[in-house]
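Got a few minutes to walk through a protein together? Have a look at the picture, then try each question before you read on.

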Amino acid sequence: MKETKNVPQLRFSGFDDEWEEKKLNEYLEPSKQKNLDNKYSKNDVLSVSGEFGIVNQIEFQGRSFAGEYVNNYGVVETNDIVYTKSPLNANPYGIIKSNFGKTGIVSTLYAVYKSKNNVDPCFIQTYFDLNKRLNDYLRPLVRKGAKNDMKVSSEDALLGNVVFPSKLEQQKIGAFLFHVDTLIQAKIKKLESLKAVKKSLLQKCFPKEGEKVPEMRFAGFKGEWEEKKLGEIATKVIDKNFDLSVQEVFTNSAEFGVISQRDFFDHDIANTANIDGYYVIQNEDFVYNPRISVTAPVGPINRNNLGRKGITSPLYTLFRTKNINTLYLEWYFKTECWHDFMYLNGDSGARFDRFSIKDIVFFEMPILFPASVAEQQKIGQFFLKYDSLISAQQKEIDKLKDIKKSLLQKMFI
């Protein structure tokens, strides 16, 4: 019996022919179309994203990064294929994507290709969607320059071998995985919408600067909110791990909150020989991390809700609250209500990646909160439930991505 080699593990019924190994240039050819007549402007410049494919640059990134003249840019028509000669973290040799949108233009740094009659453009994109397959294809063809740029011509980028089925089977595979991509993108859009609504609610459910009443409020509650200094509702935690009784190190992440260092970094960062000087953080304690980021411009403050104690870097500021609902306060610190105080009172000359403020000043921070503990609880529980909706949506996206990755492995050679 003849042994079949070039067949995928998972296949649509009705197809049993072996896939053929050929050079990619037997399926694609470089496009010669340029924007010489200036038919397309900076508004038509396209970006190529690893996650979202070929998209309009202004719509995707908010502005155009093109130079003054775009007449030498390559024209990318619908169903053309683009190879970006720039590295990404997961794709050090660039990416290959098909244009499913309207015609636009791309920088001369990109290679643009036309499909021949024996290939489906949608299949081309799905074939190269798996990072390993894409990287393995490009690695032998690309030489990297001193500036990490790709030293490969548009023609030479097509000299690698690919294993493709008949065009009819390509179309089946491409259409099916395009549908999976459409589902994922719809879920991502819903997630972004949920996050945008959450951001708006955080602005409306807490008083604006100079005000004592929020724009939105749960029914049954009225009256001005109270204002107290942080030092009136919290005390600094100064317990050190002198006896080394606690070994688990916690990190305060702007994105993930208080989390075990091993979970966050996949390994321990702290030097176990020096953890006797680390602070002991109890469950429900708060921790301020002075490291700044785009999402935490003055550093994040988060609550330890892991249900256990741990230790944190002495660079952090820890505090324990009294006479205030901790869940409410956790969400208060996810707003920007306290940022102006930090900007006004932070020390000058701070490290570029770390915010600097004296402890005595930090605990002078004004905190606004409803006098009613019941209202505090309502606000905290509301945002906790809303966050669970966001988490559930993210899990659906992750599950679909895992399914797609498995399909990309099993439906191709």
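Before we start: accessible areas here come from the Shrake-Rupley method with a 1.4 Å probe. And keep in mind that this is a predicted model.

Q: How much area does the protein chain expose, and what share of it do carbon and sulfur atoms supply?
A: Let's take the total and then the share. The protein chain exposes about 22,400 Å². Of that area, carbon and sulfur atoms supply 51%.

Q: What is the radius of gyration of the protein chain, set against a compact globule of 413 residues?
A: Start with the box: the C-alpha atoms fill roughly 75 × 55 × 50 Å along the principal axes. A compact globule of 413 residues would have a radius of gyration near 22 Å. The protein chain, though, has 28 Å.

Q: What percentage of the residues of the protein chain count as buried?
A: The chain has 10 helices and 22 strands. To count as buried, a residue needs a relative accessible area under 20%. Of the 413 residues, the share that passes is 44%.

Q: Among contacts with a separation of 6 or more, what percentage comes from residues 24 or more positions apart?
A: A contact here means heavy atoms within 4.5 Å. Take the contacts in the protein chain with a separation of 6 or more, and the share from residues 24 or more positions apart is 74%.

Q: Which strands are the edge strands of the open sheet with the order 2-9-6-7?
A: This sheet has 4 strands, and their pairing is antiparallel. An edge strand pairs on one side only. That gives us strand 2 (28–30) and strand 7 (95–98).

Q: Which residue in strand 7 does Thr-84 stand opposite?
A: Strand 6 covers residues 81–84 and pairs with strand 7 in the antiparallel sense. There are 4 bridges between these two strands. Opposite Thr-84, in strand 7, stands Ile-95.

Q: Why is one side of strand 14 and of strand 19 left without a neighbour in the sheet?
A: This open sheet is made of 4 antiparallel strands in the order 14-21-18-19. Strand 14 (234–236) and strand 19 (301–303) stand at the edges, so one side of each has no neighbour in the sheet, as each has a single partner strand.

Q: Which residue in strand 21 is the bridge partner of Thr-235?
A: Strand 14 and strand 21 (residues 317–321) run antiparallel. They are joined by 3 bridges. In strand 21, the partner of Thr-235 is Arg-320.

Q: Which residue in strand 4 does Ser-47 stand opposite?
A: Strand 3 and strand 4 form a hairpin, with 3 residues between them. They pair in the antiparallel sense over 4 bridges. In strand 3 (residues 46–49), Leu-46 and Val-48 point one way and Ser-47 and Ser-49 the other, and all are buried. Across from Ser-47, in strand 4, is Val-55.

Q: Is Gln-57 buried or exposed?
A: Find Gln-57 in helix 1 (residues 57–61). Its side chain joins that of Ser-47 in a polar contact of 3.2 Å. Beyond its neighbours within four places in sequence, Gln-57 is in contact with several residues, including Val-45, Leu-46 and Phe-65. Because its relative accessible area is 9%, and the cut-off is under 20%, Gln-57 is buried.

Q: Is Phe-206 buried or exposed?
A: Phe-206 is in the loop between helix 4 (167–204) and strand 13 (226–229). Leaving aside neighbours within four places in sequence, its contacts include Trp-225, Tyr-328, Trp-331 and Phe-383. Its relative accessible area is 1%, so Phe-206 is buried.

Q: How far apart in space are Phe-206 and Met-216, C-alpha to C-alpha?
A: In sequence, Phe-206 and Met-216 are 10 residues apart. In space, C-alpha to C-alpha, the distance is 7.9 Å.

Q: What is the relative accessible area of Phe-100?
A: Look in the loop between strand 7 and strand 8 (104–106) for Phe-100. Outside its neighbours within four places in sequence, Phe-100 is in contact with residues including Thr-78, Pro-121 and Phe-178. Phe-100 is partly exposed, with a relative accessible area of 32%.

Conventions. Residues are numbered from 1 along each chain as its sequence is written. This is a predicted model: local features need pLDDT of at least 70, side-chain atom pairs count only at pLDDT 80 or more; totals for chains, interfaces and linings use all residues. Side-chain values use heavy atoms; hydrogens and water are left out. Two strands pair if DSSP finds at least two bridges between them. The radius of gyration is taken over C-alpha atoms; the globule rule is 2.2 Å times the number of residues to the power 0.38. Buried means under 20% relative accessible area, exposed over 50%, partly exposed in between (1.4 Å probe, protein chains only). A polar contact is a pair of N or O atoms within 3.5 Å; within protein, one must be able to donate a hydrogen and the other to accept it, and residues adjacent in sequence count only if both atoms are side-chain atoms.
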